[in-house]
Amino acid sequence: DRVTTPSLEALKKYVAGTRTLEIDGDFAKGSALLGEAITIDTGFAMAYRKLAMELNNRGLEPGRVDSLLQKAYDHRDRLSDAERYMTIGSYFSIGPSPDPDKTVAAYETLLELDSANVPALNNLAVEYRNRREFAKSEQLLLRALAIERVGPSVRYTGLLTSQLAQGKVREAEQTVAMAVEA
């Protein structure tokens with residue numbers, strides 16, 4: 001991740017927290033480290049966003065997710081363009097003021113800036129899947145997996161869901177095989 005903070009200590013905590021969550025799979029320790037990053041830099045928008053997303057992905061503390069995303073959104077002016085659009089997309093996707101059109105617009109703008117942004121490809125695919133636009137979702141996830149084969153299983157699950165919703169059984173079988181290889 002490329003994230004903006006004026007604090008090297010907060011950045012170290014963020015990196016350690018992200019690594020602990022994504023590589024070690026230790027939610028308790030990883031979320032605590034992200035919390036420490038936020039304590040060190042109370043304007044660390046991407047740390048607020050990351051913690052909110054991790055809680056949301058586990059179905060935990062919806063009120064806290066809203067609060068964290070609100071704080072990230074409130075500090076979006078401190079961010080690079082890519083970080084800002086990622087934050088806006090997250091805020092309007094699962095935050096306190098959902099707006100699917102603003103979510104799609106934010107992720108599409110981010111992809112105009114960086115067509116290889118895998119999280120944006122994944123998140124936009126989720127929005128299209130929610131809209132039952134399965135072909136668009138499938139194409140975005142195929143792009144994401146072409147860039148980064150190893151990663152969260154949600155990409156494979158999303159691709160599989162989008163393919164099956166279109167009746168693409170053979171492609172879905174290939175996705176399962178690809179996921180097993182990864």
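A residue counts as partly exposed when its relative accessible area lies between the limits for buried, under 20%, and exposed, over 50%. The exercises below apply this and related terms to a predicted model.

**Exercise 1. Determine where E61 lies and whether it is buried, partly exposed or exposed.**

Solution.
Step 1. Locate the residue: E61 belongs to the loop between α3 and α4, the latter spanning 62-74.
Step 2. Classify its accessibility. The relative accessibility of E61 is 42%, so the residue counts as partly exposed.
Step 3. Examine the backbone. E61 has a phi near 45°, which is a positive value in a residue other than glycine.

**Exercise 2. Carry out the analysis of Exercise 1 for R132.**

Solution.
Step 1. R132 is placed in the loop between α7 and α8.
Step 2. The relative accessible area of R132 is 64%; since exposed means over 50%, R132 is exposed.
Step 3. The phi of R132 is positive, at about 65°, although R132 is not a glycine.

**Exercise 3. Describe how α7 packs against α8, and state which residues make the contact.**

Solution.
Step 1. Identify the elements: helix α7 covers residues 118-130 and helix α8 covers residues 134-147.
Step 2. Consider the geometry. The two axes come within 8 Å and cross at roughly 160°. Angles over 145 degrees count as roughly antiparallel, and therefore α7 is roughly antiparallel to α8.
Step 3. Give the handedness: the crossing in which α7 passes α8 is left-handed.
Step 4. List the residues. On the side of α7, the contact is made by V118, L121, N122, L124, A125, Y128 and R129. On the side of α8, it is made by F134, K136, S137, L140, L141, R143, A144 and I147.
Step 5. Sort them by class: the contact of α7 with α8 holds 10 nonpolar, 2 polar and 3 charged residues.

**Exercise 4. Characterise R143 by its place, accessibility and contacts.**

Solution.
Step 1. R143 is part of helix α8, and it is among the residues through which α8 meets α7.
Step 2. Its relative accessibility is 38%, so R143 counts as partly exposed.
Step 3. Once neighbours within four places in sequence are set aside, R143 is in contact with S115 and L121.
Step 4. Compare chain and space. R143 and R58 are 85 residues apart along the chain, and their C-alpha atoms are separated by 25 Å.

**Exercise 5. Describe the packing of α7 with α9.**

Solution.
Step 1. Helix α9 comprises residues 153-165, and its axis lies 11 Å from that of α7, at an angle of about 35°.
Step 2. The crossing of this pair, α7 and α9, is left-handed.
Step 3. From α7, the residues V118, N122 and R129 meet V154, R155, G158, T161 and S162 in α9.
Step 4. The contact of α7 with α9 consists of 2 nonpolar, 4 polar and 2 charged residues.

**Exercise 6. Decide whether α1 and α3 are roughly parallel or roughly antiparallel, and name their contact residues.**

Solution.
Step 1. The axes of helix α1 (residues 8-24) and α3 come within 11 Å, with a crossing angle of roughly 20°.
Step 2. Angles under 35 degrees count as roughly parallel; α1 and α3 are therefore roughly parallel to each other.
Step 3. α1 passes α3 in a left-handed crossing.
Step 4. Y14, T18, L21 and E22 of α1 meet M46, A47, K50 and E54 of α3. By class, the contact of α1 with α3 has 4 nonpolar, 1 polar and 3 charged residues.

**Exercise 7. Describe the largest nonpolar core and the helix that gives the most to it.**

Solution.
Step 1. The general expectation is that nonpolar side chains tend to be buried together in soluble globular proteins.
Step 2. In this model, the largest nonpolar core has 43 residues, and those with the most contacts inside it are Y14, F44, L68, L124 and L140.
Step 3. Helix α3 (residues 45-57) gives the most to this core, with 7 residues.

**Exercise 8. Establish whether T87 is buried or exposed, and list its contacts.**

Solution.
Step 1. T87 is located in helix α5, residues 81-94.
Step 2. Its relative accessible area is 1%; buried means under 20%, so T87 is buried.
Step 3. Apart from neighbours within four places in sequence, T87 is in contact with M46, R49, A72, Y73 and L79.

Key:
Residues are numbered from 1 along each chain as its sequence is written. This is a predicted model: local features need pLDDT of at least 70, side-chain atom pairs count only at pLDDT 80 or more; totals for chains, interfaces and linings use all residues. Side-chain values use heavy atoms; hydrogens and water are left out. Axes are lines fitted to C-alpha atoms, for helices over the stretch in contact, and angles run from 0 to 180 degrees between N-to-C directions. Helices (H or I, at least four residues) and strands (E, at least two) are DSSP runs, numbered from the N terminus. Angles under 35 degrees count as roughly parallel, over 145 as roughly antiparallel, 65 to 115 as roughly perpendicular and the rest as oblique. A crossing is left-handed if the near helix is turned anticlockwise from the far one by less than a right angle, and right-handed if clockwise. Contact means heavy atoms within 4.5 Å. Ala, Val, Leu, Ile, Met, Phe, Trp, Tyr, Cys and Pro count as nonpolar, Asp, Glu, Lys and Arg as charged, and the others, Gly among them, as polar. A nonpolar core is a set of buried Ala, Val, Leu, Ile, Met, Phe, Trp, Tyr and Cys residues joined through side-chain atoms within 4.5 Å. Buried means under 20% relative accessible area, exposed over 50%, partly exposed in between (1.4 Å probe, protein chains only).
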